[in-house]
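Visitor: I'm new to this structure, and I'd like a close look at just one part of it. Could you bring it up and walk me through that part?

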Amino acid sequence: QVQLVESGGGLVQAGGSLRLACAASGRTFSTYAMGWFRQAPGKEREFVAVISRSGFSRNYADSVNGRFIISKDSAKNTVFLQMNSLKPEDTAVYYCAAGVYGSKAEFFGSWGQGTQVTVSS
């Protein structure tokens, strides 16, 4: 198991940027693909982005492609989500997850507690 702690959420105006971070501890960080998911009130949890164990492969949801960037610093056991050109519809609790490369929540066995991102119009 790996323990995950997200940070960096907050309130931002539409068009602004935020950078989320997810610090991992426990089992070797490089063993896992790392993903970001989000859940808005009254909606199902949805895939946002994933980065492979090597960092060479990345995949994004259509809704964030071109605006969000996922990256990792293996030396610091941390994965990041740079969010640019934020929209009110990006408002959600954002979760970091560790598991197997893919876009389905069931591919990921370890989850953080989530961090709130609120985008005002």
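Which side chain does Asp 90 meet in a salt bridge at 2.8 Å, N to O?

Guide: That would be Arg 67: its side chain and that of Asp 90 meet in a salt bridge, at 2.8 Å from N to O. Asp 90 sits in the loop between β8 and β9, while Arg 67 sits in the loop between β6 (58-60) and β7, so the pair ties together parts that are 23 residues apart in sequence. One thing to keep in mind as we go is that this is a predicted model.

Let's see how much of each partner is covered. Asp 90 has a relative accessibility of 0%, so it counts as buried. Arg 67 comes out at 10%, and because the cut-off for buried is under 20%, Arg 67 counts as buried too.

Asp 90 has another partner to look at. It also forms a salt bridge with Arg 38, where the closest N and O atoms are 2.9 Å apart. Here the loop between β8 and β9, which holds Asp 90, is linked to strand β4, which holds Arg 38, so this pair ties together parts that are 52 residues apart in sequence. Arg 38 is buried, just as Asp 90 is; its relative accessibility is 4%.

Now follow Arg 38 onward. Its side chain meets that of Glu 46 in a salt bridge, at 2.6 Å from N to O. Glu 46 has a relative accessibility of 35%, so it counts as partly exposed. Put the links together and you get one network, in which salt bridges that share partners join Arg 38, Glu 46, Arg 67 and Asp 90. The structure holds three salt bridges.

With that network in view, take a look at what's around it. The largest nonpolar core has 36 residues, and those with the most contacts inside it are Met 34, Trp 36, Val 79, Leu 81, Met 83 and Tyr 94. Among the elements that give two or more residues to this core are β4 (33-39), β5 (46-51), β7 (68-73), β8 and β9. Strands β1, β3 and β11 (115-120) are on that list as well.

How do some of these strands line up? Strand β3 (residues 18-26) pairs with strand β1 (residues 2-7) in the antiparallel sense, over six bridges, and Glu 6 stands opposite Cys 22 in β3. β3 also pairs with strand β8 (residues 78-83), again antiparallel and over six bridges. In that pairing, Leu 18 stands opposite Met 83 in β8.

Ala 21 is a handy residue to find here, and it belongs to strand β3. It has a relative accessible area of 18% and is buried. Leaving aside neighbours within four places in sequence, Ala 21 is in contact with Val 5, Glu 6, Ser 7, Trp 36, Thr 78, Val 79 and Phe 80. For a sense of distance, Ala 21 and Lys 43 are 22 residues apart in sequence and 23 Å apart in space, C-alpha to C-alpha.

To finish, swing round to the surface. Val 100, Tyr 101 and Phe 107 make a nonpolar patch there of about 270 Å². Phe 107 lies in the loop between β9 (92-99) and β10 (108-111), and with a relative accessible area of 35% it is partly exposed.

How values were computed. Residues numbered from 1 in each chain as written. Predicted model: local features only at pLDDT ≥ 70, side-chain atom pairs only at ≥ 80, totals over all residues. Heavy atoms only, no water. Patch = residues over 30% accessible without salt bridge, like charges linked within 9 Å, V, L, I, M, F, W, Y side chains within 5 Å. Areas by Shrake-Rupley, 256 points an atom, 1.4 Å probe, with all protein chains shown as cover. Salt bridge = Lys/Arg side-chain N within 4 Å of Asp/Glu carboxyl O. Helix = DSSP H or I, 4+ residues; strand = E, 2+ residues; numbered from the N terminus. Buried < 20%, exposed > 50% of the residue type's maximum accessible area, 1.4 Å probe, protein only. Pairing = 2+ DSSP bridges. Contact = heavy atoms within 4.5 Å. Core = buried A, V, L, I, M, F, W, Y, C linked by side-chain atoms within 4.5 Å.
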